[in-house]
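This briefing is for a reader who is meeting the structure for the first time. Please look over the sequence and the model before reading on.

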Amino acid sequence: MEVEEQVLAWNTLQNFINGQFVPAKDGETLDNIYPATSQVAGTIPRSKSQDVEVAVSSAKDALHLGPWGKTSVNERADLLEAIAQEIEDNFELFAYLESRDTGKPLSLTRRVDIPRAISNFRFFAGAVRHSRDDFHPMSDAFNYTLRRPVGVVGLITPWNLPLYLLSWKVAPALAMGNTIVAKPSELTPSTATLLADVISRVGVPQGVFQLVHGLGAEVGQAIVEHPDISAISFTGGTVTGKRVAATAAPQFKKLSLELGGKNPNIIFADCDFEKAVEGTMRASFTNQGQVCLCGSRVLVQREIFDAFTEAIVEKTKALVLGDPMDPQTEVGALVSVDHLEKVKGYVELAKEEGGDVLCGGERPEMPGVFADGAFLLPTIISGLTPQCRTVQEEIFGPVITLHPFDTVEEALEIANGVRYGLAASVWTQDLQKAHRVSAALETGMVWVNTWLHRDLRVPFGGLKDSGVGREGGAYSLSFFSEARNICIHMGEHWNNIGS
Ligand code: TXE
């Protein structure tokens, strides 16, 4: 069956609770908009706290009463691999719906979003199979670390990489035996719903995974404040992250916050120029700049500032913007017209703050059905001071600012001179300098002569306003479990060799 035919079954989306697809209890719905045309593609439930109550109750029962609590690590790892395979077997449907929800090019969902979601499940199947725990012998006793699930966990995810980021949380949470109440962004509900169907079909017991759709302030808030949810893993904006933390902290819930970024991309004169240009284009405009790791502040050493500026402006103007479903498209729509207006507002602010728009900054004239789409020409702005609002605040769109610098110290002062601390890129062929600069940057992650090159075992997370905690490999398995120490008294010299 063609993807377009399969899609029809996924226009009216429902919650997934206790193994069943159900509407919100009060029947209310929200429209699901295709951002490239601003047309209604379907509906989702506008769930409320009563829907969360049923979801949490189902997750608690599954945790304590059903077969899930008796599954082995290997059985859970097998289920993760089955989920990965099922996503792969429905690859095109996942990719199409991800592009329809987000407006991002189908070429991108096929190359990044869906393959990475599959990798996330396969990776954590292996991670949990091979995970190890501690043993601490004493002269008269020994200690062993025993891990148990945290319990019912709340997973709240954003609209920029919907399945990629949801799977990044679901996989380790299931691996460690938790049960889940998940809420995707109301702007990008489809692939999460497909995932619920896959999780059910591969045999994860009912009640282990719940999906509740709706507005953040209504159903997201209800998840965070529910007393029987023991941990919250949240990815989204810093403003919302503060609200989530304020709600969760008094209840002593475990909390993982992956928030916004205003990432420096530092180009030294001794870089490999062509690679730095190529890497900067990726770091600037991938997913229309809607990746928390995008390098939106481009710091270029003065000797090469003019040549570098000319090179990236030329490449930016050549980017193919258009129909997300066209395989040639490199730049799709932003996630919504509202978000487009927010991003465009920052371009206007940049002009007020003395910036010089070198290219882009405008909504392009789009043909036919795309006339009302949330498109914005990729934008490069120069001439702003590092302290102005445009350069301090996260824009989260296809907008970068250029900043010349002379010395390493000046580059580091500009790079670290924001409240965010998520990621950075450094382009230089002097590896001594690369290591020194990387050590001095106040970010959770640094890429040298590359960008978004990911080993899923490494710690992933931000400093300062970019979040709290780390995800990735053993860090995720640790977050989604409670380590307990058992000490067994054995009497003196219990483990000495000989009499
Ligand atoms: O994030 P939100 P959005 C940044 C970026 C973007 C801004 C807002 O700056 O412009 O965040 O994007 C749910 N209690 N990033 O709107 O609002 C909400 O429904 C509980 C960076 O996507 O933070 C959604 O499911 N939940 C980020 C999720 O939180 C609440 C990626 C994220 O929504 C809630 C995306 C509440 N009170 C945006 N309010 C990154 N670091 O990757 C909302 N939500």
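What follows covers helix packing, two sheets, and the pocket and cavities.

The model is predicted. Helix 7 (residues 190-201) packs with helix 4 (residues 91-102) and also with helix 6 (residues 162-175). One open sheet has three strands and another has seven. The largest pocket holds about 1,200 Å³ of space, and the structure has five cavities of 30 Å³ or more.

**Helix 4 with helix 7**

- The axes of helix 4 and helix 7 lie 8 Å apart, at an angle of about 150 degrees.
- Angles over 145 degrees count as roughly antiparallel, so helix 4 is roughly antiparallel to helix 7.
- On the helix 4 side the contact is made by Leu-93, Phe-94, Leu-97, Glu-98, Arg-100 and Asp-101, and on the helix 7 side by Ser-190, Thr-191, Leu-194, Leu-195 and Val-198.
- Six of the residues in the contact of helix 4 with helix 7 are nonpolar, two are polar and three are charged.

**Helix 6 with helix 7**

- Helix 6 and helix 7 have axes 9 Å apart and pack at an angle of about 40 degrees.
- That angle makes helix 6 oblique to helix 7.
- Pro-162, Leu-163, Leu-166 and Val-170 of helix 6 touch Thr-191, Ala-192, Leu-195 and Ile-199 of helix 7.
- The contact of helix 6 with helix 7 has seven nonpolar residues, one polar residue and no charged ones.
- Thr-191 and Leu-195 of helix 7 meet residues of helix 4 and also residues of helix 6.

**Helix 3 with helix 6**

- Helix 6 also packs with helix 3 (residues 73-89), at an angle of about 155 degrees and with the axes 9 Å apart.
- Helix 3 and helix 6 are therefore roughly antiparallel to each other.
- Here Arg-76, Leu-80 and Ile-83 of helix 3 meet Ala-171, Leu-174 and Ala-175 of helix 6.
- The contact of helix 3 with helix 6 has five nonpolar residues, no polar ones and one charged residue.

**The three-strand sheet**

- The strand order in this open sheet is 5-6-22, with antiparallel pairing.
- Strand 5 (135-137) and strand 22 (481-489) each have a single partner strand, so each of these edge strands has one side without a neighbour in the sheet.
- On average, neighbouring strands of this sheet are turned by 20 degrees against each other, direction ignored.
- Strand 5 runs antiparallel to strand 6 (residues 141-149), and three bridges join them.
- Pro-137 is placed opposite Phe-142 of strand 6.

**The seven-strand sheet**

- This open sheet has mixed pairing and the strand order 14-15-16-13-12-18-19.
- Strand 14 (356-359) and strand 19 (445-448) are its edge strands, each pairing on one side only.
- From one strand to the next, the twist averages 25 degrees.
- Strand 12 (residues 264-267) pairs with strand 18 (residues 423-427) in the parallel sense, over three bridges.
- Asn-265 has Ser-425 of strand 18 opposite.
- Helix 11 (residues 302-317) packs on the sheet and touches strand 12, strand 13 (297-301), strand 14, strand 15 (379-382) and strand 16 (399-405).
- The direction of helix 11 makes about 135 degrees with that of strand 13.

**The largest pocket**

- The space in the largest pocket is about 1,200 Å³.
- The largest pocket is lined by 46 residues, and those closest to its centre are Trp-159, Ser-185, Glu-186, Gly-237 and Thr-240.
- At least two lining residues come from each of strand 3 (29-34), helix 8 (216-225), strand 10 (231-235), helix 9 (238-248) and helix 12 (337-352).
- The lining of the largest pocket has 20 nonpolar, 16 polar and 10 charged residues.

**The cavities**

- Five cavities reach 30 Å³ or more, and the largest has a volume of about 130 Å³.
- The largest cavity is lined by 15 residues, with Leu-161, Tyr-164, Val-291, Leu-293 and Leu-452 closest to its centre.
- Helix 5 (106-129) and helix 6 are the elements that give two or more residues to the lining of the largest cavity.
- By class, the lining of the largest cavity has 11 nonpolar, two polar and two charged residues.

Conventions. Residues numbered from 1 in each chain as written. Predicted model: local features only at pLDDT ≥ 70, side-chain atom pairs only at ≥ 80, totals over all residues. Heavy atoms only, no water. Axes fitted to C-alpha atoms, helices over the stretch in contact; angles between N-to-C directions. Helix = DSSP H or I, 4+ residues; strand = E, 2+ residues; numbered from the N terminus. Parallel < 35°, antiparallel > 145°, perpendicular 65-115°, else oblique. Contact = heavy atoms within 4.5 Å. Nonpolar A, V, L, I, M, F, W, Y, C, P; charged D, E, K, R; others polar. Pairing = 2+ DSSP bridges. 1 Å grid on protein atoms, 1.4 Å probe; cavity = no way out; pocket = protein on both sides within 12 Å on 5 of 7 lines; lining within 4 Å. Points joined across faces, edges and corners; volume = space filled by probe spheres on them.
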